[in-house]
Structure formats: C-alpha cells, structure tokens
Amino acid sequence: MGTTIFAEMSALAVRTGSVNLGQGFPDTDGPRQVAQAAADAIMAGRGNQYPPGPGIPELREAVAAHQRRFYGLDYDPDTEVLVTAGATEAIAAALLALVEPGDEVVAFEPYYDSYAACIAMAGGARVPVTLRPPGFRPDLAALRAAVTGRTRLILLNSPHNPTGMVLRREELAAIADLAVERDLLVVTDEVYEHLVYAGEHVPIASLPGMRERTVTVSSAGKAFSFTGWKIGWVTATAELVTAVRTAKQFLTYVSGGPFQYAVAEALRLPGSYFADLRDDLRGKRDLLGGGLADLGFEVYPPDGTYFITADIRPLGEADGIEFCRELPRRAGVVAIPSAVFYDNAEAGRTQVRFTFCKRPEVLKEALTRLSALRR
Ligand code: PMP
Ligand code: GLN
C-alpha cells in the first residue's frame, strides 16, 4: 500500500467525478476573521521564520486558556503545552517518546489509521479491544483483560473516529481507575472535542489521578475547519511534554508559524462559535443519517465527530471493501470501508464510513446518487 486509504479514496473521487464522502474535510472553510489573521501574520512578518520549538507563546497561552475555559484544566503554557504539526505529529511524537520496543499499546478498534503506523514505528505492539455496533460502547472488562505486564499505555480517541462514539464520564472513570491501578500512561486524541451532538466531551485528564499520566492531543483542523493548516498541540505535565518535544524536534522541528498566530485567535472565539459549529454539523448528521436510513442502510447515529457508520447488509451487500471500490461506478459517491480501521477486519467487514462535513446540497446530491443502489 503506497498511500493512506484517505488519499487513495480522495484521488478516486476526483478521477471518477464522485461526491467525496470519504476523507473527512469540510467543503467550507473556517471563520474569515481567522483566515484574515493568518494572512495578516504573513504580511506583517510574524512567524515567517522558524517559530520557537515549543510553539509561539501566544498560541501556548491560548491552548492553556482553552483547557481552562472548557474543562477547568490548568496547564502552564511555558512548560506544559507543545505545539505540533497537527494532531498527527503529536500522536507520532507521543508514541515515539513513550513506547519502547516490545511495549504493548492497548487501543479500541476500529482505529484511526495513523495509530497502527506510529505504534509500529515506535517498535511497540498494538493490542486491540473491539468496539461493536450498534452503540460501539467500550467493553471495559475486555479492556481490563487486554492489559498485561508489558502494557505501557492506553491510546484513547473520544469522540471516536470512525464510529462517532463519545466516551461517557463513567466509562472514562473506569479507564482511569485501570490506568492508575496498573500505572499506565494514557495518550488521548481529542481532535473532535467540539463536535459532540449528544452528551458532553470529558477529557480524561480531568479525572482524579489522571493529569499526571495523560498526554492530551488536539488540533485546529476540526474545530476551526482548516484541516490544511496542520496546527495541533499537546497538553501534559512538564516531564511528559519534554519527552514528546524531544521526539517532535526531529520530526518537523517546528511548523506553521503564521498559522499559529491565527489559531491562537481562533481558540479565543466566543462560545457561540463552537455552539454554531456543533448545531450546523448536527443538522448535517441528521440529513445524511436520515437519508441513508431511508435508502435501506442500517445507520449507527454518531454522538460526535463528522462521520456516520452504516451497515450495508440490509442492501444485500456483504463486503464493505468491495462495496466502496464499486460505489463510484455504481452511484458516483466515495465512502471508506471501515474494515481498514480494524485489526480484526471481520468485525468491520460490512461497515462503511461516510463523512457529513459537506454543504447540505452536496449531501442531498450524494443521497440522490445513492438511490441508484436501490435499482
Ligand atoms: N486523529 C483523528 C482521530 C483524526 O480523525 C484526525 C484527522 N485527520 C487526526 C488525528 C489528525 O489531525 P490533524 O489533521 O490535526 O493532524
Ligand atoms: N481525519 C480524516 C479522516 O479520518 C482524514 C485525515 C487524513 O487524510 N490523514 O478522514
């Protein structure tokens, strides 16, 4: 495999003129004032040369203020915040820093594709715990059973890509208890923290005993609809941040100078911005989810993220990979077969992931095209 599934499917969409509901990226850019702040920074010569290794102070302060404003979490912007090239680099640097060859990393599958690659790059072994439909709720007994004497850390993702599951406070508390009891670190990918439609996002770092053992990762891509800017961040104790920075400095060293100024401004947007983003996406979730259900898919409505998982068996289909390969020709739509997110591919064989972060008319066009499947 030469490219990621996302790049492969986006290229397929372009080649076939399909509506691309595969790779998750919005078709409408984020706030103009934030884009203007990036343009202004470039023209004013701010960030055009190497920014400081940990990130510009304005952004580290804005990240710390954001964690305090939304979750009551206190991080020292000077020692406990690190700016990265998207969450992707934050995850890579955290795993390279914290996982030694032979260490086991426990994570819920299906998982975002970079996790498996980064665990492998660190020389670790991944130990999957399978989430199952319809709710994709974590099996906490299975999680506990997956922890061995070789387990180094638990890698979490909530809201969860691809299933849209959002870990509940009591589930997080059970995971936290396990981490404390077995003295494990937790790396938690919270890039969809503001895309929650039911319940609430609870950072595991806010639970008792967790701040000192949690590396929290997030990014500007999803919350501000600028996935191309690749500005992410880590919050953790000074010791953990130092470890992650030690790996990060040999990955990109630094990145995105002018965008860092703009993201600092974005993080200070009023609560109404985040509420509007969420309400808009909730409407799109319902539009696509309702439409897919009308077409006969079994839809598992997500509580978070901008992805919907649907099962294709009611359509008489048995294999998501084959289904997605044929979908551009049959219907002019691109989706992602969820099997690629599983080690245990059988568990996800009939699941397909669609993104709904597109304009309503695009979602409607996709649904019209998909009605061709009904013949
Ligand atoms: N984690 C998850 C779960 C994601 O869906 C994404 C989206 N690409 C990332 C990390 C990477 O984020 P970024 O674009 O900020 O690198
Ligand atoms: N996070 C996006 C998704 O899951 C895409 C990220 C990527 O292309 N690497 O679709």
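**Notes on the sheet and the ligand 2 site**

1. A good place to start is one residue pair: V217 has V234 of β8 as its bridge partner. Please keep in mind as you look that this is a predicted model. The two strands involved, β7 (residues 214-219) and β8 (residues 232-235), run antiparallel and are joined by 4 bridges.

2. Now for the sheet as a whole. Its 7 strands form an open sheet with mixed pairing, in the order β2-β8-β7-β6-β5-β3-β4. Because β2 (81-84) and β4 (125-130) each have a single partner strand, they stand at the edges, and one side of each is left without a neighbour in the sheet. On average, neighbouring strands here are turned by 20° against each other, direction ignored.

3. Two helices are worth finding next. Helix α5 (residues 113-121) lies across β3 (104-109), β4, β5 (151-157) and β6 (185-189), and runs at about 160° to β5. Helix α7 (residues 169-181) also packs on the sheet, where it touches β3, β5 and β6. The direction of α7 makes about 165° with that of β5.

4. On to the ligand. Around ligand 2 you will find F6, Q23, G24, Y112, N161, Y192, K222, F307 and R353. An N or O atom in the Q23 side chain is 2.7 Å from an oxygen atom of the ligand, and a polar side-chain atom of N161 lies 2.9 Å from a ligand oxygen atom. For Y112, an N or O atom of the side chain is 3.2 Å from a nitrogen atom of ligand 2.

5. How much of ligand 2 does the protein bury? Taken alone, the ligand exposes 300 Å², and the protein buries 82% of that.

Conventions:
Residues numbered from 1 in each chain as written. Chains lettered and ligands numbered in written order. Predicted model: local features only at pLDDT ≥ 70, side-chain atom pairs only at ≥ 80, totals over all residues. Heavy atoms only, no water. Pairing = 2+ DSSP bridges. Axes fitted to C-alpha atoms, helices over the stretch in contact; angles between N-to-C directions. Contact = heavy atoms within 4.5 Å. Near = heavy atom within 4 Å. Polar contact = N/O pair within 3.5 Å; in protein donor to acceptor, adjacent residues only side chain to side chain. Areas by Shrake-Rupley, 256 points an atom, 1.4 Å probe, with all protein chains shown as cover.
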